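User: Please take a close look at how the two assigned domains of one chain sit against each other, and spell out the criteria behind each term.

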Amino acid sequence: MPSHLALLLASWITSPLMIVVVLSVVIGLLMIVLFGYTSDQKAIGVAKDQLKAHLLAVRLYRDQLHVVMGSYGKVLRGTGRYLKLAFKPLLYVIIPITLMIVWLDRSLGLTAIQTNTPFLLTVHVNNLQALDTVSIDLPPEITASAPPVHIAADNEVVWRLVASHEGAYDVKIGASGQSAAKTVRVSPELAQVSPERWRGHFWERMFTSGESALPSDSAVESITVDYPERNIPLGIAGYEMNWIWLFFILSMIAGFIFKELLGIEV
Amino acid sequence: MSRLCSADTPVRVPGSSQKQRWSSAFAGVGARATWAILLAIVLCPVAAHAYAGPGAGFAVLSSFWAIFVAFLYSFYALATWPVRQLFRFFRRRNAYGKAVFDRAVILGFDGMDPELADRFMKEGRLPNLSKLRDRGTFAKLRTTFPAISPVAWSTFMTGVNPGKHNIYDFLACDRNHYLPFLSSAEIKGPTRQIKIGKYSIPFGKTEIKNMRKGTPFWHWLGKAGIFSSVIRVPVTFPPEKFQGVLLSGMCVPDLKGSQGTFCLCTTRAVGDKFREGGVRAPIERKNGSFHAYVPGPDNPLAETAGHEMRVDYEIKPDVAAQTARLTVGSEKFTIKVGEYSEWIPIEFKAGLGFNAHGICRFYLKEVSPEVEVYVTPVNIDPGHPDLPISHPVTYSVYLAKLFGAFATLGLAEDTWALNEHVLDDDAFLAQAYGNHEDREKMLFDALDKTRQGLCTCVFDTTDRIQHMFWRYLEEDHPAARDVPKAERREVIQDLYQRMDKLIGRVMEKIDDDTLLMVISDHGFKSFARCMNLNAWLHQNGYLALKEGKTESGDWFEDVDWSRTRAYTMGLNGLYLNLKGREKQGTVDPSEADALKEEIKQKLNGLVDPASGTVGITGVFLTSNVYRGPYSENAPDILVGYGAGYRASWDSVMGKVTEKIFEDNMKAWSGDHCIDPRLVPGVLFSSHKFIEEKPAIVDVAPTILKLFGLALPSHFDGKPWNLAPQAVGAVGVKTPAVSPAT
């Protein structure tokens with residue numbers, strides 16, 4: 001019985017929901033502290049007070065049209081000033097948090113391929129001639145469940161594949177005499193996946209790929225595995241939610257609580 | 001040398017220095033790369049990184065929220081404006097249709113003296129007031145009996161004599177106990193309480209009763225659809241509802257409920273108790289730092305009264321730098337010796353989640369060899385008012401958000417701290433002018449917001465500074481004898497010039513459709529000699545002490561009421577110990593008139609034996625001076641002291657001394673609580689009035705008349721007439737109605 005409980009607890013602790021909750025609280029705290037240290041707290045406080053004052057002016061002088069319109073203008077200007085003040089700490093937090101979100105999104109945002117469940121693999125080449133030369137070399141654990149579909153208009157070939165065993169497999173793609181590989185992750189667990197492998201496309205690679213770039217002289221532009229999106233069950237009336245929304249809401253709540261506790265002006 | 005903190009020195013937020021280090025570390029080469037990455041991220045958005053943490057999330061959300069709310073408000077205001085205007089038109093017809101001016105601006109300079117103003121104008125020091133004098137009006141403005149601010153300003157706003165507004169002094173007399181109470185407002189806590197454990201929870205509302213009767217003239221304007229902005233006019237606490245905004249002034253209490261109790265925190269051995277207005281708190285040394293507290297109000301949850309709430313704070317002096325770092329709650333700031341902090345929020349915790357919110361400023365007096373910190377009275381926090389100090393309540397919040405925290409206490413300039421040598425001249429002036437600047441900001445905001453209607457603002461600075469620095473105007477004032485002449489500053493001259501500059505800036509903001517009036521409630525004279533009227537009553541057989549006593553304590557301690565026929569408390573009032581009215585009355589009502597007459601005859605023209613000058617130039621029976629339903633609450637006799645004289649500090653507090661006359665050695669060296677005929681106020685106006693003897697009671701009817709309103713029949717004042725050249729002058733409309741009666 002205790003071992004059952006331990007297993008249950010372990011599975012609960014390692015569940016995507018718990019991971020998102022813990023991450024949201026920790027990141028909420030870290031980001032608030034970082035915001036506090038990197039922002040001009042006094043100026044932000046003043047800017048927020050000014051905004052509130054102009055909002056109150058609209059109410060206090062609602063019969064004075066010039067005040068109402070003037071205050072509305074000041075609210076807009078004040079909002080700009082406030083955003084400008086929030087922009088500087090944004091500089092400090094946006095890079096680490098963006099990289100972290102990208103990294104987490106590969107685990108929490110997508111589900112690895114499940115065994116015996118068909119999935120699509122798309123190869124995009126850079127010219128129509130190369131399209132006719134595209135070939136695929138599958139590991140034994142992965143088989144094609146249908147003939148490839150050539151979409152000439154998009155320079156793409158799409159395969160429908162099925163994996164029979166868990167693991168990380170390289171699918172080799174040949175085109176115009178060259179070959180390139182793409183990892184396919186097959187697992188029922190939480191796993192890091194890379195949905196695309198790119199040739200060039202630095203920013204896309206940074207944000208959506210966990211793999212190195214394809215050779216620059218390759219005819220293959222990109223190889224995409226269609227990992228299904230993961231929705232995290234909330235355990236409330238069967239509701240599910242993408243992790244980023246859950247993270248957004250929870251980290252905001254955590255941030256709000258910590259900002260009050262730490263007296264940080266946001 | 002005292003001075004206000006520069007904007008960037010005082011309230012430091014945690015980590016601000018670290019913040020600077022970070023900023024400088026990222027400046028230069030790194031910043032360019034950071035900008036590039038950031039731009040790339042912004043320009044190449046992908047769903048997953050549209051969110052950059054809770055801080056930025058809050059910023060974006062609150063910005064949109066602010067815009068959304070402002071849009072809703074503005075839309076509502078715009079959409080309903082025609083309907084409201086139409087409604088107003090039908091209800092009140094055209095509010096400004098009969099008005100001679102679109103706007104009236106009344107600046108109250110409490111205590112501005114016509115003789116000094118005239119002198120400084122002749123010396124060419126007041127160019128803007130001179131302009132008003134030349135183009136419009138400059139006259140002496142008759143004040144009230146007595147010439148005390150709460151009385152005079154109550155008359156100003158109600159247009160009636162004190163017999164109809166019920167304010168005769170700062171203090172009124174409880175005839176049952178021969179004790180004073182605040183004349184302007186009464187604050188009563190909830191009467192019922194529920195006991196839970198060690199707490200006694202008040203149940204019900206705190207009742208704040210306005211003791212001033214009569215209707216301020218801006219209420220009449222509001223009823224006619226004319227908007228008013230009223231700032232810091234005395235005796236407007238608690239604020240009353242009307243069409244406009246109002247910030248209460250003189251008579252607003254501090255958080256302790258007093259009219260201002262400062263605190264001197266000191267490592268010195270406990271000295272004498274302050275006569276009034278302040279307390280001492282010991283500073284204790286613990287582990288290399290110093291600890292003191294800010295005294296607050298009594299705990300409302302305590303079972304018995306007298307459980308003072310306190311907020312502890314820490315002082316870390318740096319003797320070499322002559323600074324100290326103070327930690328008050330979550331606020332940390334460094335101040336130099338001779339420097340004030342900004343307004344610091346203070347929260348007194350009563351328990352069970354009941355808190356009282358206040359603000360105060362800290363002034364570092366000394367860090368070596370002793371440590372001394374002066375703490376201002378804890379003002380009601382205007383951004384979080386626990387008592388209503390404005391109408392609507394959000395008006396004080398609005399001002400606090402717009403300009404930052406400000407003094408809300410009625411008597412915000414701490415004259416007692418200067419009297420008691422807790423503050424020096426410079427520290428007092430820094431405090432007074434700090435408050436003054438805040439009020440100037442409020443005035444100009446009100447001027448900007450009130451383009452039609454009434455805008456009135458009273459500045460106390462003129463009164464407080466003249467009270468405290470008159471000693472330097474005279475060659476041989478007793479309170480300045482120990483100050484070498486070379487060190488006596490021209491404080492009052494500077495004050496008048498500063499007020500003149502303010503007028504100049506106001507004149508730039510107004511046009512010919514605006515009437516500008518500058519008035520004061522009374523003038524000023526020297527206060528070099530004190531007279532203890534209770535001592536005089538004692539020595540002349542009207543007041544008796546218990547057997548063997550030659551002096552009494554405060555508030556008539558040791559007075560034998562069974563043999564007392566008259567007594568005095570407050571600044572000018574003298575009371576008979578009347579049977580049926582006073583608890584231990586001895587004077588039969590049938591003998592009252594004769595007794596009053598007898599005392600009047602004896603007091604009138606009373607000579608100070610030390611100087612041979614007349615100490616009392618007028619004695620007035622209130623039955624001849626006041627008319628109205630509240631006349632019976634007035635003292636029986638008003639004593640008009642001569643120039644240079646005033647009721648002694650002891651006499652005001654119901655103390656009988658052996659000496660009748662003595663020198664006034666306090667910094668509070670000028671006064672106006674004397675014969676009202678000697679201290680008229682000033683009247684300046686941008687347009688000329690024809691009136692030989694204008695009085696402060698005439699202001700309300702004059703304003704109503706200029707806005708084309710009929711005058712209430714109970715008014716005692718008479719409206720002034722504009723000179724023919726003023727009517728029809730640029731911007732001034734010919735009145736559509738004949739002068740109201």
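Analyst: The C-alpha centres of domain 1 of chain B and domain 2 of chain B are 31 Å apart, where the domain bounds come from an automatic or database domain assignment. The model is a predicted one, in which local features need pLDDT of at least 70 and side-chain atom pairs count only at pLDDT 80 or more, while totals for chains, interfaces and linings use all residues. Residues are numbered from 1 along each chain as its sequence is written, with chains lettered from A and ligands numbered from 1 in the order in which they are written.

Domain 1 of chain B is assembled from the segments 99-167, 213-252, 425-524 and 688-735, whereas domain 2 of chain B is the segment 528-678. Between them, 25 residues of domain 1 of chain B are in contact with 27 residues of domain 2 of chain B, contact being defined by C-beta atoms, placed from the backbone, that lie within 7 Å. On the side of domain 1 of chain B that touches domain 2 of chain B, the elements giving two or more residues are α7 (162-165) and α12 (461-469) of chain B; helices here are DSSP runs of H or I with at least four residues, strands are runs of E with at least two, and both are numbered from the N terminus. The residues of that side of domain 1 of chain B comprise eleven nonpolar, eleven polar and three charged, with Ala, Val, Leu, Ile, Met, Phe, Trp, Tyr, Cys and Pro counted as nonpolar, Asp, Glu, Lys and Arg as charged, and the others, Gly among them, as polar.

For the chain as a whole, the secondary structure of chain B comes to 18 helices and 39 strands.

Definitions and conventions:
Two residues are in contact if their C-beta atoms, placed from the backbone, lie within 7 Å.
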